[in-house]
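Me: I am new to this structure and would like to be walked through it slowly, with the reasoning spelled out at each step.

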Amino acid sequence: MSGQYAPRAETVVDLDALRHNVALLAERAQVPVMAVVKADGYGHGAVPIAKAALEAGATWLGSASATEAVDLRKAGIEAPILAWLYAPGEDLSDAVAAGVDLGVSSVDELRAADGARLHLKIDTGLNRNGCSPEDWPELVKAARDHDVHAIWSHLASADEPGNPSIDRQAGRFDEAYEIAVAEGLQPIRHLANSAATLTRPDLAYDMVRVGIAMYGLNPVPQHEDLRPVMTFRSSVVSTKRTPAGEGVSYGHTWVADRDTTLALVPVGYADGVPRGLSGRFEVSLAGQRRPVVGRVCMDQIVVDCGDDPVSPGDEVILFGPGAHGEPTAREWADKLGTIDYEIVTNMYRPRVRRRYVGASS
C-alpha cells in the first residue's frame, strides 16, 4: 500500500468474522447464547461487538461491571445483560433502573442488588467469586423473596478437555440447583464458557456464555472453524541502509552481520507491543515475514528487511488471522508464556485507532 494513507497504529475489527463465530457457537450449543463483551469487548469495542453478536443469534450479553452494562444500555441495546462484579458499597441504582441483571454471590450482595433480576452464583471449584457451598442454602433462602432468574457458575479448566475438575464442578452445580429448586426457586442454569460450549454439550444447560471463541481465538486443543476478529497493523515511516557491524536500538542487543535495509515502524510498548517480545518476533511486511530486531521501544520497532525494497507507507501486519502467513495473537502469547486473551484485550490503547469492517458495520 505504498503511496496510500497508512495508519500509525490501527486495529481492524472484522464484524463478519465475529458473526461467523457467534453463529457457529450458537449452532454448537443449541441453547440461548450470552455474548460476553466485558473489558470493552476483549479490546474489540463493546458496543459494535454486542450489536454484531446479537445480529448473529446471541440473545444475551455479559459485562463484568455494572458500569459497562449501563453503557451498553445508553448505546440503545435492549437485550438482556448480566453484570456480576462490583465493589462493596457500589451504587447499583443505575444498573437496576436500566434493567440490568445482576450476579449475586452473598447475602450482602443480595441486599445491594435489591430490585434487580438476579443470577445467584455458586462457587463450584474455581474459588474466585461465587457463594461457597456451605453458605449456599442461606443465600437461596434469603433470595426466595427476590426475582431470581438463574443460578450459574464458572469452570476452572474447561480448556483442558478431560480434566477431572470439569465433572466435579458440574456435579456441585447440579447439587446447588437441587437445593435452589427445593427452596421453591425455578431458575434457569448456565455454566458453560467458550471451551465447554465446544467440547461439553452436556453442560450447555439452559444457556452458554461465550467469550474468547466469539472473537475467533480457539480455547481448546482441537481445530475449530473460528475466525480471528482482530488485525493489528501499522506502516513503515522510514528506511535506511545500515552497514554490517552497526547496532540497533537501545543497548545494541542486535548488531547487523551484513549490510541491510532497516524499516522503522511507529509502534511500541505504549501501543500494545510487549517489550518482552524484543528480538523474538516477526511482522509481515511487503508480503513476507521479517524479524523485528533490537529492543521494542515505547513508540517504535525496527524491522530487518535485508536487500528487499521497502518504502515508507508500506503496510506492516503485527498480528492477524494468520490466513496469509502473518503472525497471530496466539504466537505472541506463546512466546510470552501467556494467553491470547491478554494480547487482544491489551490493544485498547489511546494511540491505536480502531476501525470496523464487515457487513452492517
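What follows is a set of questions and replies about the annotated sites and the cavity of this predicted model.

Me: Which residues does the UniProt annotation "binding site" cover?
Reply: The annotation comes from an unreviewed UniProt entry, and annotations of this kind may be inferred rather than shown by experiment. In that record, the term "binding site" is attached to Arg128 and Met298.

Me: How far apart are the farthest two C-alpha atoms of these residues?
Reply: Along the sequence the annotated residues span 171 residues. In space they do not all gather at one spot, because the farthest two C-alpha atoms are separated by 34.6 Å.

Me: Is Arg128 buried or exposed?
Reply: Arg128 sits in the loop between strand S6 (118-121) and helix H7 (136-142). Its contacts, leaving aside neighbours within four places in sequence, are Asp123 and His154. The relative accessible area of Arg128 is 57%, and a value over 50% counts as exposed, so Arg128 is exposed.

Me: Where in the structure is Met298 found, and what is its relative accessible area?
Reply: Met298 belongs to the loop between strand S16 (288-293) and strand S17 (301-304). Not counting residues up to four places away in sequence, Met298 touches Gly268, Tyr269, Ala270, Asp271 and Arg351. Met298 is classed as partly exposed, and its relative accessible area is 43%.

Me: How much space lies in the largest cavity?
Reply: Rolling a probe the size of a water molecule over the atoms shows where empty space is left. A search of the whole structure for cavities of 30 Å³ or more finds 1. The space in the largest cavity is about 40 Å³.

Me: Which of the "binding site" residues does the lining of the largest cavity include?
Reply: By class, this lining has 2 nonpolar, 4 polar and 3 charged residues. The lining residues are Lys121, Ile122, Asp123, Thr124, Leu126, Arg128, Asn129, Ser153 and His154. Among them are Asp123 and His154, which are also the contacts of Arg128 once neighbours within four places in sequence are left aside. Of the annotated residues, the lining includes Arg128.

Me: Which residue does the annotation "modified residue: N6-(pyridoxal phosphate)lysine" cover?
Reply: The residue lies in helix H2 (residues 38-42), and it is partly exposed, with a relative accessible area of 30%. Not counting residues up to four places away in sequence, it touches Gly62, Ser63, Ala64, Glu68 and Trp84. According to the unreviewed UniProt entry, the annotated residue is Lys38.

Notes
Residues numbered from 1 in each chain as written. Predicted model: local features only at pLDDT ≥ 70, side-chain atom pairs only at ≥ 80, totals over all residues. Heavy atoms only, no water. 1 Å grid on protein atoms, 1.4 Å probe; cavity = no way out; pocket = protein on both sides within 12 Å on 5 of 7 lines; lining within 4 Å. Helix = DSSP H or I, 4+ residues; strand = E, 2+ residues; numbered from the N terminus. Buried < 20%, exposed > 50% of the residue type's maximum accessible area, 1.4 Å probe, protein only. Contact = heavy atoms within 4.5 Å. Points joined across faces, edges and corners; volume = space filled by probe spheres on them. Nonpolar A, V, L, I, M, F, W, Y, C, P; charged D, E, K, R; others polar.
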